[in-house]
Structure formats: structure tokens, C-alpha cells
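Trainee: I should like to go through this structure with you, beginning with its charged side chains. May we take the terms one at a time?

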Amino acid sequence: MTEGQQPDPPAGADALEAAQTEPADAPPRPAAGRPRGAVQIAAERVASIVEAAEQAAEDLRQTTEHRARERIAEADRASANRVEAAESEARDLLNTAREQAVAIKEQAQGDAERMLQEARAERLQLEETIQQVRAAAEEDARRLRESATADAEETRRIAADQVRDVVHEARVSARDVLVEGSELSDELRQLSDSLRVNAERLLQDVRLAHARLTAQLDQAFPGGRETAARVTREDTGGDLDVPEFMPPR
């Protein structure tokens, strides 16, 4: 029986309803045989009503139990359907999750493989770049060494030329100094000779003057010749001599 469907009335209920709806002043039904009294008729009616009530109660109990069993069965079916639907949905969700997990795994593997390939390509490119940079650095270093060697050779050559020029100039200067020194020495020697000659002339003049003064003193003081000579020697500091000039070496 489905929900909303009205149950059929039990047979006992119909008998009880018929017995209760029968009028009380209705003439008793004549029994087959001898006639019955009012008490017997009432007792029979009560007995029939009780019987009908008992039958209605039994029918109602059976109907209630049947309806309860149907409701329980329907609830069991609904519960089973819900459990089956839940299990089906769970299986669908599990399958979907598995499919998504497989797809995510495949995508992750693809991404990892692509990233690995990109990393390898970048590493190869980086190695090529390092090789190029290293080659360029070695070439620059070689050019710098060659340039430094050439600059050093040029600097050494210029320094050697400058040293030769300085040495030449020093030799020329030394030769000029030697020449000038020789000339100066000759000039000093000539000056020494001239001074010696002048000194001899001066000494001669002094001697002449001394002799003249001595003669005059002898004439003026005849007895004072030795005293005058002694005084003259003391004044002059002894015998006069010509100084000798030595040229510087």
C-alpha cells in the first residue's frame, strides 16, 4: 500500500457498525422454532455487538500490524535505496576522485618532465654561455698579455734610449767639466805665475825701499845701524819670501 491511499474498512467494523445502527425498538427477528423473550433477544444482541467489537478490534490490530509492516518494509526499502544511492554516489565520487588523481598525476608527471627538459636545456645553454665567456676571457687575457708585453718592450726600449742619452749627456758633461777644469787649472797656474812674478817684483821693491831707508838711517844715525836692522826685522817678522800658489787638484 502506497502513501496517501486510504485502507479498506475491516469486516468486523462493518458488522459492529450494522449492529450499532440497528434501532433498539425494532421488532425482534422471529427465530426458527419457538418464540424468544426480550431478555434473550437483548443478550443475543449484546453478544453479537461484543463479538463484532472483538472482530473489529482484531481486524484493526491486523490492519495496524500490516500497515506497520508495510511502513517498516517501505522504510527499509527507502533506507536501502538511500544507502544504495549513497554508496553509488560514493563510488561515483571515488571514481571521479581516482580519475582526477590520475589526471593530476599525469599532469604533474608531464609538468615535471617538461620542467626537467627545460632545466636541461637551460643547463646546456648556460654551459655554452660559460664556454663562450671563458673563451672570450682567455682571448682578452691573451690580448692583454700581448699588449702588456709590447708595452713593456716599448717601455724598456724607451728607458734604454733614455739611459743611453743620460749616460751620453753625463759623459759629455764630464768631458766638458774636465775641459773647463783643465782650462781653469791653466788659468790658475798662469795666475799663480803672474802672482809670483808680482810678488818677486814687490819683494824687490821692498828690498830697495828697505835699503834706501837703511841708508837714510845710517846717514841720520851712524851708530844705530844694528838697532835699526833689529827693529826692521822685528817689524817685518823676519826674512820676506815669495808665497807659492798651488793650483787646485
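Mentor: Before we begin, a salt bridge here is a side-chain nitrogen of Lys or Arg within 4 Å of a carboxyl oxygen of Asp or Glu. Please keep in mind that the model is predicted.

Trainee: How far apart are the closest N and O atoms of Arg164 and Asp161?

Mentor: Arg164 and Asp161 are three residues apart in helix α2, so about one helical turn separates them. Side chains of opposite charge can pair when their charged atoms come close. Arg164 does form a salt bridge with Asp161, and the closest N and O atoms are apart by 1.9 Å.

Trainee: Which residue besides Arg164 meets Asp161 in a salt bridge?

Mentor: Asp161 has a relative accessible area of 21%, and because buried means under 20%, Asp161 is classed as partly exposed. Four residues from Asp161 in helix α2, about one turn of the helix, lies a second partner. The N to O distance of that salt bridge is 3.3 Å, and the partner is Arg157.

Trainee: With which glutamate does the side chain of Arg157 meet in a salt bridge?

Mentor: Arg157 is partly exposed, at 42% relative accessibility. The glutamate is also partly exposed, at 36%. The two are three residues apart in helix α2, which spans residues 38-220, so they are separated by about one helical turn. Their salt bridge has an N to O distance of 2.2 Å, and the glutamate is Glu154.

Trainee: How many salt bridges does the count come to?

Mentor: The pairs just discussed include Glu154 with Arg157 and Arg164 with Asp161. Salt bridges also link Glu139, Asp140, Arg142, Arg143 and Glu146 in a network. By the rule given at the start, the count comes to 14.

Trainee: Which residues form the negative surface patch that includes Asp176?

Mentor: Asp176 is found in helix α2. Patch members need over 30% relative accessible area and no salt bridge; Asp176, at 38%, is partly exposed and therefore passes the area cut-off. The negative surface patch is formed by Asp176, Glu180, Glu183 and Glu187.

Trainee: What percentage of the residues in the protein is buried?

Mentor: The protein has three helices and zero strands, in the order α-α-α along the sequence. It exposes about 20800 Å², of which carbon and sulfur atoms supply 56%. Of its 249 residues, the buried share is 5%.

Trainee: Among contacts with a separation of 6 or more, what share comes from residues 24 or more positions apart?

Mentor: A contact requires heavy atoms within 4.5 Å. For the protein, the share from residues 24 or more positions apart, among contacts with a separation of 6 or more, is 69%.

Technical notes:
Residues numbered from 1 in each chain as written. Predicted model: local features only at pLDDT ≥ 70, side-chain atom pairs only at ≥ 80, totals over all residues. Heavy atoms only, no water. Buried < 20%, exposed > 50% of the residue type's maximum accessible area, 1.4 Å probe, protein only. Areas by Shrake-Rupley, 256 points an atom, 1.4 Å probe, with all protein chains shown as cover. Patch = residues over 30% accessible without salt bridge, like charges linked within 9 Å, V, L, I, M, F, W, Y side chains within 5 Å. Lys, Arg positive; Asp, Glu negative; His and termini not counted. Charge placed at Lys NZ, Arg CZ, Asp CG, Glu CD.
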